[in-house]
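Student: Could you take me through one part of this model up close? I'd like to hear about chain A, and then how it sits alongside the rest.

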Amino acid sequence: MNPINKPILLIEDDQVDTMVVRRALKELHVANRLEYVENGEEALAYLRDPAREHPCLILLDLNMPVMNGIEFLQAAKADPELKRMPVVVLTTSDEQKDKVESFELGVAGYMRKPVDYQQFVEIIRTIDAYWTISESPA
Amino acid sequence: MTIGTQDILIKHNARWLMDIAADAMLIADADGRILLANPAAERLFGYTRDEFTGLTVEDLIPRSLRASHGDKRAAYATQPNSRTMGAELEIVGLRRDGGEFAADVSLSPLEKGQVLATVYDITRRKQAEQALAAAQEFAESIVDTMQEPLVVLDADERVVSANQVFYQVFQLTEEETLGQVFFELHQRQWDIPALRQMLDEVLPQERRGKAFELQHEFPGIGSRTVLIDARVIEGKSDQPNLTLLTFLNITERKRLEAEQARMIHELESANEELKNFAYVVSHDLKAPLRAIGSLADWIAADQQDRLDEEGQEHLRLLIQRVRRMDGLIDGVLRYSRIGRIHEVAVAVDLNELLHEVIDSLAPPAHITVMVASGLPAIRAEKTAIQQVLQNLIANAIRYLDKPQGRIEIDCIDQGQSWRFSVADNGPGIEARHFERIFQLFQTLNPRDRVESTGVGLAIVKKIVEQCGGQVWVESTPGQGSTFFFTLSKNSQ
């Protein structure tokens, strides 16, 4: 993913889902480092920490404890420092409401997590391909 | 009397006067024998002048009244005085032909006990009086049979009249009500500030008080909700104005409204809960399921060398069941989502729609799907009807067991609705399963043989019924099934 020296930030509370993303990235030989936090609040803390490097892409789960994905998006899009950061939602939810709210908050994509691992790999492959070609504002 | 009329009378006698009189005149002696009758009397009673002279006064009244009339005549003879019309006596005349008529009689005593009687036929006046009485009775009966209590007050707010229902509902008697000040009735049951304000302030200005609702604890009766309507009845000429109050007892209606509101609220919250439930299911059941699927996949991949054939087979079955459960959860979600979002009805070309559906299902080569020619373009919720047709055709394809499969799709105009049919020559369904197959998660085959979530027909039923239609199946086991559904033309 472009730029290759920047990390990918995964905001995900489920340990196995994190393993799935990590394994898929590895399987696809994605060189970017994977950082992960367990909820929106931790993600904001990470992103506002000057010692941390800003990610090239955020993969965001919606249903999380403490601060869920939509709440995170609201906070991030209201923050001039964070609002341009590309976010791809990676969720179980097929709810129309979640999709509408996500895009209203300017997400770059909305992917449903499949139950089948191989399909999951395909989704990550597509995200990687896209963000390898796409330019980012940062 | 003027000079002119004197002149007229000078030239004529009394006979002439009687002959030209329009009213019937008779002269009788003290014993009631008729001495003289004028032409008007002949016309009224139907006797000739000669016949009259053989009659008594009693012959001119009905038999039943004769005896008492003799006494009255005798009494009159002792104290003869002029008696004018309408002296409170009910008098009936008898004609020669037996016909009777309501009459009024003026009596003028003459000399020697003789009497001049002028007889008036008052049949028409009586009829008018009876009609008036009937009209009044009719009006009173309406007032009394009205379901709503009503009461009329005078300018001093005293009760002028009230109907029976008023007495019944508010447990009052006529004696303790009529003439009393309304606000002092029965433990001052009506002494309600809002009502006083309406009568004293609103009504004098507006003539008709706005109907208002009043909940009040009536002493000895209990809590009632009444809709009170007040209006001023304008008094004719010098009559004073009256106030008419009607009371609609809406206690029960209010109770039902409250009950209905409560039920609607319950239903809404149940619906909301269900929606949330579906949402929770999608997240909370799917996340662990996905983890199981991924982990099983990795064991199968990473531990391939260490697993024997049986272990690998078990893992394969495990992953298959994970997918099945994933399908079931998706089915629940799809099922629960129906009807939450209503589409707009659009023009749907059935030929086009069916070709799209059949293309997307890609039926295998041995199955022929035939669409009846000349299907109409209809107005319908496109996604809904597409889903229904897709599920029915997909089922037909999935279960077809014949080497030459045939599926026929038709739609006929039933006037108020369209009736669709999807017929196949598949295995057929026994009649005892006709209801069950439309229920959620009900399948007739072991899931390992035909992969099915048991949601398809339940979704069909839910969509069709939400569009105001019906769905049913006809089948001959071994030969095939035909699924029918109707779609109302004006449900949108």
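Tutor: Let's start with burial: in this predicted model, 36% of the 138 residues of chain A count as buried. As for secondary structure, chain A has five helices and five strands, and going from the N terminus they come in the order β-α-β-α-β-α-β-α-β-α. Now for the contacts within chain A. Take those with a separation of 6 or more: 71% of them are between residues 24 or more positions apart.

Next, the side facing the partner. Here 13 residues of chain A are in contact with 16 residues of chain B. Helix H1 of chain A, residues 15-27, gives the most to that side, with three residues. By type, the chain A residues touching chain B split into six charged, four nonpolar and three polar.

Then there are the nonpolar cores. In general, nonpolar side chains in soluble globular proteins tend to be buried together. The largest core here has 37 residues, and the members touching the most others are B:Val388, B:Leu392 and B:Ile393. Helix H14 of chain B puts in the largest share, seven residues. If you want one residue to click on, try B:Leu392: beyond its neighbours within four places in sequence, B:Leu392 is in contact with B:Val422, B:Val460 and B:Phe483. Apart from that core lies another one, of 32 residues, and this brings us back to chain A: among its members are A:Val37, A:Leu62, A:Met85 and A:Leu90.

Note on methods:
Residues numbered from 1 in each chain as written. Chains lettered and ligands numbered in written order. Predicted model: local features only at pLDDT ≥ 70, side-chain atom pairs only at ≥ 80, totals over all residues. Contact = placed C-beta atoms within 7 Å. Helix = DSSP H or I, 4+ residues; strand = E, 2+ residues; numbered from the N terminus. Nonpolar A, V, L, I, M, F, W, Y, C, P; charged D, E, K, R; others polar. Buried ≥ 20, exposed ≤ 12 C-beta atoms within 10 Å, placed from the backbone. Core = buried A, V, L, I, M, F, W, Y, C linked by C-beta atoms within 7 Å.
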